[in-house]
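Welcome! Here is a short briefing to help you find your way around a structure that is new to you. Please keep the sequence and the 3D view at hand as you read.

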Amino acid sequence: MSQKIHPRQALFEEGDAAESLPVCDHYAGVEERMRKSIELQAQMGPVFDVTLDCEDGAPVGGEREHAALIAELVDSPQNSFGRVGARAVTADHEAFGDVVDTLVRRAGSRLAYLMLPKVRSVAELQRGIDVLDAAARSAGLQREIPVHALVETHGALHEAFALAAHPRIQSLSFGLMDFVSAHRGAIPASGMSVKGQFEHPLVVRAKLEIAAACHAHGKTPSHCVVTEFKHPAALQEAATKACRQFGYTRMWSIHPAQIRHIVDAFTPSTAEVDLAIDIISAAQAADWAPIRHNDTLHDRASFRYFWHVLERAHRTSYTGGPQLPAEVRRIFFDAH
């Protein structure tokens, strides 16, 4: 038999496979918490991103100084995996240009992504990207910095599919709190709770629109926060719903105690991983022709599904947590 073809080459056309991001996006804005978050990432491994926050994390009037601190942390040796990004102030903020320039000039080569908050339209997204790219050119940067955007306004939700289609967008996040408040009291406060956010029709509609838009264009949908950070069972339930029922492949954390619960909720079960290993191994051995497994027929469509299961299992393997078998990592992930 000829050399075995890797699933990524066998099952996807060029550009079809969505870029895989860590399943947890952890936000920190206060200096002590930012430093501790980067330290925790170094311990656990790159199973979660750290987003250093210049919007809500900076004191009013101190956005430029806070951006300098964020740039210092992004470019520090403690950023072990290159998975530290930043959230800028809004594009209409008077300090936006200076914040972006500082981040790019001082840490642009190591900045994993830039999150643009409260985007209201594709046109506004493009204006933010133009500022980012101008700063990159001025700094002599040879890379395009990936862009994430927060959908938390009526305008952004209306243009969710167009936002996801933008070639510079890597991920869209749902901003629950601002989205609810934008309804001027029409959505009750319970719509922001760990339970109510999965029940109120307007909130559910927004979540599904964002997830559908991202999947239609091969981008990563990132689920909103759960503010009840002292209730791990509630967080686990919310993260499981986001992953299993709403199609999200990533979720925000706003407290270090939430990270492991989110990663575990997005981790496939042992049974799912074992089945995926069996089917992908058999399919590869058959040169990706249809196979029969336990009296069920499988072809390239189900092969793609089970490959995604293995990829998710790989992305959620962390020190002290679930791990893929070493032989599976060697065959499918090491040096690929």
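The notes below go topic by topic, from an annotated domain to single residues, a helix and some ring contacts. Please bear in mind that this is a predicted model. According to an unreviewed UniProt entry, residues 51-256 carry the feature "domain: HpcH/HpaI aldolase/citrate lyase". The structure also holds 7 aromatic pairs, and two of the pairs are described further down.

**The annotated domain**

- The span that UniProt annotates as a domain runs over residues 51-256.
- In this span, helix makes up 43% and strand 14%.
- The C-alpha atoms at the two ends of residues 51-256 are 12 Å apart.

**T102, a residue of helix 4**

- T102 belongs to helix 4, which covers residues 96-107.
- Its relative accessibility is 10%, and because buried means under 20%, T102 counts as buried.
- Leaving aside residues up to four places away in sequence, T102 touches A67, A68, A71 and A107.

**R244 and its contacts**

- R244 is found in helix 10, which spans residues 232-244.
- With a relative accessible area of 41%, R244 is partly exposed.
- If residues up to four places away in sequence are set aside, R244 is in touch with T267, P268, S269 and E272.
- One of these, E272, has its side chain joined to the side chain of R244 by a polar contact of 2.7 Å.
- R244 and R87 are 157 residues apart along the chain, and their C-alpha atoms are separated by 27 Å.

**Helix 12 and what covers it**

- Helix 12 has 16 residues, 270-285, and at 1.5 Å a residue it should span 22 Å. The end C-alpha atoms of helix 12 are indeed 22 Å apart, so the expected span and the model agree.
- The buried residues of helix 12 are V273, A276, I277, I279, I280, A283 and Q284.
- An α-helix has 3.6 residues a turn, so residues three or four places apart point the same way.
- The cover over the buried residues of helix 12 includes helix 1 (7-11), strand 9 (291-293), strand 10 (296-298), helix 13 (300-315) and helix 14 (326-332).
- Just after helix 12 comes D287, which takes a positive phi of about 55°.

**Aromatic pairs**

- Among the 7 aromatic pairs in the structure is the one formed by Y27 and W252, which is stacked, with 3.9 Å from centre to centre and 15° between the planes.
- This pair links distant parts of the chain: Y27 sits in strand 1 (residues 24-28) and W252 in strand 8 (residues 250-253), 225 residues apart.
- Y27 and W252 are both buried.
- W307 and F332 make an edge-to-face pair, because their ring centres are 5.8 Å apart and their planes meet at 65°.
- That pair also links distant parts of the chain, with W307 in helix 13 and F332 in helix 14, 25 residues apart.
- Both W307 and F332 are buried, and together with F333 they form one aromatic cluster.

**A lysine over two rings**

- K207 lies over the face of F198, at 3.7 Å from the ring centre.
- K207 also lies over the face of F246, here at 5.7 Å from the ring centre.

Methods: Residues are numbered from 1 along each chain as its sequence is written. This is a predicted model: local features need pLDDT of at least 70, side-chain atom pairs count only at pLDDT 80 or more; totals for chains, interfaces and linings use all residues. Side-chain values use heavy atoms; hydrogens and water are left out. UniProt positions are given in the numbering used here, feature names are shortened, and annotations may be inferred rather than shown by experiment. Helices (H or I, at least four residues) and strands (E, at least two) are DSSP runs, numbered from the N terminus. Buried means under 20% relative accessible area, exposed over 50%, partly exposed in between (1.4 Å probe, protein chains only). Contact means heavy atoms within 4.5 Å. A polar contact is a pair of N or O atoms within 3.5 Å; within protein, one must be able to donate a hydrogen and the other to accept it, and residues adjacent in sequence count only if both atoms are side-chain atoms. The expected span of a helix is 1.5 Å times one less than its number of residues. Rings of Phe, Tyr and Trp (its six-membered ring) pair if their centres lie within 6.5 Å; planes under 30 degrees apart count as stacked, over 60 as edge-to-face and the rest as tilted. A charge sits over a ring if NZ of Lys or CZ of Arg is within 6 Å of the ring centre and within 35 degrees of the ring normal.
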